[in-house]
Amino acid sequence: MSININLEEDVSLQQLAAAQAEGFSVMRSAHVGNARGYNLAVADMGIPMLLVDHNIAAQHPEEPGDKNYLPGSIVTREAVQPLPIQTVGTLSLQTTVEGGAFLDLLHIDGLQQVFPNTRIFTNTEYLREEEALAANIVAVAKEHRPDLFTRTVESDGKIRHAASSFADLIDSYGILQLNDDPRTGRGVLMPNELDILYNFMVETMRSGRQKQFHLSGPDMQQYIKDPKMRYTLDQLYALVREETAIGATLPEDIDIALVPADQARFVSTKRRVRQLMTIFDWLTYEDRIARERRTFFTSDAAEDTDAREAFLEDAQAKKLFIAQGLGGAVLEASELFVDPKAAPYVSQYDVLEDGLFMPAQNTHMTMRELRNLGKRLDKMRRALTE
C-alpha cells in the first residue's frame with residue numbers, strides 16, 4: 001500500500017483541463033496571498049485552487065514568514081505595499097487588516113473577482129468538508145506518529161514549536177483547523193504530512209480514480225522528494241486503510257502525477273501584450289529559419305559550394321539579428337523572470353486593474369518545454385544584464 005508520486009513534466013495546461021473534464025482530479029495547491037503569474041495561469045484554466053491559510057503573514061521577502069506569497073502586503077508588478085495588519089508574524093487565517101477583514105479572505109476575494117468560474121478555497125474549508133476522514137487521519141497519526149505534531153497556535157496568535165511533540169495537547173486544544181472557531185481560538189496545527197495525505201485521499205474518493213494530477217510550486221517539488229516524507233505518507237496511508245472504515249474503501253495504491261505548474265510562467269496583463277508576444281514572434285521567426293536550413297541542406301543546392309557559402313552567410317546574419325531582437329524582448333518582459341522568493345511581481349491585483357493576458361503557447365506547451373524555454377531566455381537575460 002503506497003502513495004506513488006511521480007513528477008509529470010510532459011503535460012500541458014490544456015491537457016490538464018481536458019483530464020479534469022474527463023473526471024480526473026486536477027488541483028493546484030498553493031498559499032493564500034499574492035498569486036504569481038503561473039498561479040494566475042492555472043486559475044484561468046478553471047483548475048481548482050486549494051490555498052494554505054496557515055502560512056505566516058510576511059510583508060517583505062527579507063522577513064520571516066511566507067516569502068513566496070507575502071500575504072501581509074499587496075504585491076503588484078511595480079511595488080510591494082504593506083497592509084495595515086494588526087499583528088505581524090501570525091497566521092493568515094487569524095490576521096486582520098484595519099477594518100476587520102481577514103487576510104485569507106481579502107486575497108481570495110481578489111482572485112475570485114478575476115476568476116469567478118474557478119473554485120478557490122482554503123485549506124481550513126477543505127479539511128472541514130470531510131471532517132470524519134480528517135479526524136480519522138489525526139487519530140491514526142496521534143497513536144502511531146505523535147512526533148508529527150510540532151506546532152500549536154495559542155489564543156494570542158503566537159506559534160509554539162515543540163521540542164518533541166504536542167500530540168498530548170490534541171485532546172485539550174483540538175486541531176486548529178477543525179475547531180469551532182479556528183480564526184480566534186488556540187489549537188494544534190495539522191501537520192503538513194497529514195494535510196497532503198488528506199488531500200490525496202479526498203480527491204481519490206471524489207473522483208473514483210486511482211490516478212490524480214496535483215499541480216505544485218517549487219517548494220513542494222523539493223520536499224516531496226524527501227525519503228522521510230515519502231515513508232510517512234506510505235506509512236500513514238497503510239494505517240488509515242487498515243484501521244478505519246473510511247480508509248478501507250480506498251484503493252491499495254494512489255498514483256499522483258505531480259505537475260511542476262511553476263513552469264507556466266508566461267503570463268502578464270493585457271497592458272503587456274506586446275512585451276510577451278514579441279518574444280514569441282521572435283521564436284516563431286527562429287523556427288522558420290531553422291526549417292529553411294533543414295530544407296536547404298536536403299536539397300540539391302547544398303551540393304553547390306557557392307550556394308552553400310551564400311546560404312550560411314545569410315543564415316548567420318539572421319541568427320545574429322534574431323539574437324539581438326529576442327534579447328531586447330526578454331529584457332522588456334522582466335516580470336517573467338522574478339525569483340520565486342523575490343518581489344515585486346505580477347499578481348491578481350494587477351489583473352484586477354488591467355486584465356489577464358496569457359499567450360496560447362503557455363497553455364499548449366508542456367511543462368518540460370516551458371521549463372527549457374524559461375531557462376534559455378533567463379540565461380540570455382542574465383548575460384545581457386551582468
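Begin at the lining of the largest cavity, whose residues divide into 3 nonpolar, no polar and 4 charged; the model you have open is a predicted one. To display that lining, select Ile289, Glu292, Arg293, Phe311, Asp314, Ala315 and Lys318. The elements that give two or more residues to this lining are helix H10, spanning 273-297, and helix H11, spanning 305-332, and H11 gives the most, with 4 residues. The volume of this largest cavity is about 40 Å³, and the count of cavities of 30 Å³ or more comes to 1.

**The whole chain**

Zoom out before the next stop, and colour the model by secondary structure, which for this protein comprises 14 helices and 13 strands. Along its principal axes, the C-alpha trace spans about 85 × 50 × 40 Å. If you colour by accessibility instead, buried residues make up 53% of the 386 residues. Of the contacts with a separation of 6 or more, 73% are accounted for by residues 24 or more positions apart.

**The largest pocket**

Now select Ala30, His31, Val52, Asn192 and Tyr223, which are the closest to the centre of the largest pocket among the 34 residues that line it. The volume of this pocket is about 760 Å³. To show the elements that give two or more residues to its lining, select S2, strand S3 (49-52), helix H4 (123-129), strand S8 (159-161), helix H7 (192-207) and helix H8 (218-223). Which of these elements has the largest share of the lining? The largest share comes from H7, with 5 residues. Colouring the lining by residue class gives 15 nonpolar, 12 polar and 7 charged residues.

**Strand S10 and its two partners**

From S2, which you already have on display as part of the pocket lining, move to strand S10 at residues 211-216. Is S10 mostly covered or mostly open? Strand S10 is mostly covered, with 5 of its 6 residues buried. Strand S2, at residues 25-31, is joined to S10 by 4 bridges, and the two run parallel; to see one position in this pairing, select Ser25, which stands opposite Gln212 in S10. Then turn to strand S11, at residues 253-260, which is joined to S10 by 6 bridges and also runs parallel with S10. Here the pair to select is Phe213 and its bridge partner in S11, Ala257. As a general point to keep in mind while rotating the view, side chains in a regular strand alternate between the two faces of the sheet.

**The sheet S8-S7-S9**

Strand S8, another contributor to the lining of the largest pocket, leads to the next selection. Together with S7 and S9 it forms an open sheet of 3 strands in the order S8-S7-S9, with antiparallel pairing. The edge strands are S8 and strand S9 (187-188), each of which pairs on one side only. Strand S7, at residues 151-153, pairs with S8 in the antiparallel sense over 3 bridges, and within this pairing you can pick out Thr152, which stands opposite Arg160 in S8.

**His54**

Select His54 next, which has its place in the loop between S3 and strand S4 (73-75). Why does His54 count as buried? His54 counts as buried because its relative accessibility is 10%, and the cut-off for buried is under 20%. Leaving out residues up to four places away in sequence, His54 touches Leu91, Leu93, Asn123, Arg151, Gln177, Leu189 and Asp195. Among these neighbours, show the side chain of Gln177, which a polar contact of 3.4 Å joins to the side chain of His54. For a distance to check in the viewer, take the C-alpha atoms of His54 and Lys67, which are 13 residues apart along the chain and separated by 14 Å.

**The second largest pocket**

For the last stop, select Asp262, Arg265, Leu336, Val338 and Pro340, which lie nearest the centre of the second largest pocket, out of the 26 residues that line it. About 580 Å³ of space lies in this pocket. Helix H2 (37-44), H8 and helix H14 (367-385) are the elements that give two or more residues to its lining, and H14 gives the most, with 6 residues. By class, this lining has 11 nonpolar, 4 polar and 11 charged residues. If you still have H8 selected, note that this helix is also among the elements that give two or more residues to the lining of the largest pocket.

Notes
Residues numbered from 1 in each chain as written. Predicted model: local features only at pLDDT ≥ 70, side-chain atom pairs only at ≥ 80, totals over all residues. Heavy atoms only, no water. Buried < 20%, exposed > 50% of the residue type's maximum accessible area, 1.4 Å probe, protein only. Pairing = 2+ DSSP bridges. 1 Å grid on protein atoms, 1.4 Å probe; cavity = no way out; pocket = protein on both sides within 12 Å on 5 of 7 lines; lining within 4 Å. Points joined across faces, edges and corners; volume = space filled by probe spheres on them. Nonpolar A, V, L, I, M, F, W, Y, C, P; charged D, E, K, R; others polar. Contact = heavy atoms within 4.5 Å. Polar contact = N/O pair within 3.5 Å; in protein donor to acceptor, adjacent residues only side chain to side chain.
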